[in-house]
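This report covers the contact between two chains and the salt bridges of the model. The structure comes first, then the text.

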Protein chains: 2
Amino acid sequence: MAIVDDMVCFSLYSASRATTRAYTELLAPWQLTYTQYLVLVSLWTEGDKPVREIGEMLQLDSGTLSPLLRRLEQKGFIERRRDGQDSRVVNVSLTPAGTSLRKDLAHIPAQIACGTGLPDMESAKALLATLHRITTSMQGIPAPEQPSRK
Amino acid sequence: MAIVDDMVCFSLYSASRATTRAYTELLAPWQLTYTQYLVLVSLWTEGDKPVREIGEMLQLDSGTLSPLLRRLEQKGFIERRRDGQDSRVVNVSLTPAGTSLRKDLAHIPAQIACGTGLPDMESAKALLATLHRITTSMQGIPAPEQPSRK
DNA sequence: AATATTTAAGTTGTGCACAATTGAATTGTG
DNA sequence: CACAATTCAATTGTGCACAACTTAAATATT
């Protein structure tokens, strides 16, 4: 890595992958992926919702969500049903199995928190703020002008 | 997101994806992906090296690198040649086109640095340290004991 | 009402990331 | 030397992440 800017991005990328691997390990007994877990967390905490709202929350489009939700449905954790009012909308709801999974996975956040190696809540909040700033700030990058192709 | 531990991980995941998207945008004129760019950076700064060393540096296995290097080779930026001494090893070297690409992409780190929204070098270094700690600390998660399958 | 625009979800295709396996070459050991 | 174990890269298969496109339905406009 040459320059600090690249290093920050690479460290971000490495830390993110290491975290995903840790979740994958912890979720392995349930055959769940990290992204599938995120969908379940959003349903547990905010209740049933349409695909669009899940996508807004996790910043994922239907190209990612459609097959992912199909797999979660096949596992029996969620159900998908077309909305009666607006049949473009697909409402996603937890099954009893999906709901009860919440208790079974309740040990995971603590193990992950331990895995971060962050000393206290203060540093966690500071990191959170920094990461949010990066995320929103990075959205601004997309090509303001035509980059010179050489 | 329910709990701060999940939030930290999700923020990490979001920031990493936002960063990758920014690189993708900047690299689009050259049809390069972020990971391909990382491989080129490692070759530019450290010179030609075997596949194994690239994998150690970026923490990627041959399942990721083999097809990626094939694509970089097809684009004409690198060459792969079996080592004369040890023919298990594949040495990766930059072509003239791959070498000269370094100048063409020299503007990218500054744009990304701007995109991070980090105010100064101090905060960048602090973030770097935090991310490194998370990365190494997360490696320790993998199943110390058998998780109860319920 | 007829047409155009917008919106929601799904599909297709590319490229990682990673687990698991394969195959060939090298090294280690008896 | 023989053969077991290890190493390196590639291959296969799964599941995101995302761009581009399709289809159907709802809304807006004339």
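In this predicted model, chain B and chain A bury about 6,200 Å² between them, and carbon and sulfur atoms give 68% of that area. The elements of chain B that each give two or more residues to the side touching chain A are helices H1 (4–27), H2 (34–46), H3 (51–58), H6 (108–116) and H7 (121–139). H1(B) gives the most to this side, with 21 residues. Sorted by class, the side of chain B that touches chain A has 42 nonpolar, 17 polar and 9 charged residues. In total, 68 residues from chain B and 69 residues from chain A take part in the contact.

Across this interface the rule finds 0 salt bridges. Polar contacts do occur there: 16 residue pairs of chain B and chain A are found, both members at pLDDT 80 or more.

How are the two chains placed relative to each other? A turn of 180 degrees, with a shift of 0.0 Å along the axis, lays chain B on chain A with an RMSD of 0.0 Å. The two copies are therefore related as by a two-fold rotation axis. Because 100% of the interface residues of chain B are also interface residues in chain A, the copies meet through the same surface.

Over all chains, the structure holds 12 salt bridges. Three of them are listed here, with the distance between the N and O atoms.

| Salt bridge | N to O distance |
|---|---|
| Glu56(A) and Arg52(A) | 2.9 Å |
| Arg52(B) and Glu56(B) | 2.9 Å |
| Arg88(B) and Asp86(B) | 2.8 Å |

In chain A, Glu56(A) and Arg52(A) are 4 residues apart in helix H3 (residues 51–58), so about one helical turn separates them. Glu56(A) is partly exposed at 48% relative accessibility, while Arg52(A) is exposed at 52%.

In chain B, Arg52(B) and Glu56(B) both lie in helix H3, 4 residues apart, about one turn of the helix. Arg52(B) has a relative accessibility of 51% and counts as exposed, because the cut-off for exposed is over 50%. Glu56(B), with a relative accessible area of 47%, is partly exposed.

For the remaining pair in the table, Arg88(B) is exposed at 69% relative accessibility, and its partner Asp86(B) is partly exposed at 24%. Elsewhere, salt bridges that share partners join Arg52(A), Glu53(A) and Glu56(A) into one network.

Notes
Residues are numbered from 1 along each chain as its sequence is written. Chains are lettered from A and ligands numbered from 1 in the order in which they are written. This is a predicted model: local features need pLDDT of at least 70, side-chain atom pairs count only at pLDDT 80 or more; totals for chains, interfaces and linings use all residues. Side-chain values use heavy atoms; hydrogens and water are left out. Copies are superposed by least squares on the C-alpha atoms of residues with pLDDT of at least 70 in both. Contact means heavy atoms within 4.5 Å. Buried area is the accessible area (1.4 Å probe) that two parts lose on being put together, summed over both. A salt bridge is a side-chain nitrogen of Lys or Arg within 4 Å of a carboxyl oxygen of Asp or Glu. A polar contact is a pair of N or O atoms within 3.5 Å; within protein, one must be able to donate a hydrogen and the other to accept it, and residues adjacent in sequence count only if both atoms are side-chain atoms. Ala, Val, Leu, Ile, Met, Phe, Trp, Tyr, Cys and Pro count as nonpolar, Asp, Glu, Lys and Arg as charged, and the others, Gly among them, as polar. Buried means under 20% relative accessible area, exposed over 50%, partly exposed in between (1.4 Å probe, protein chains only).
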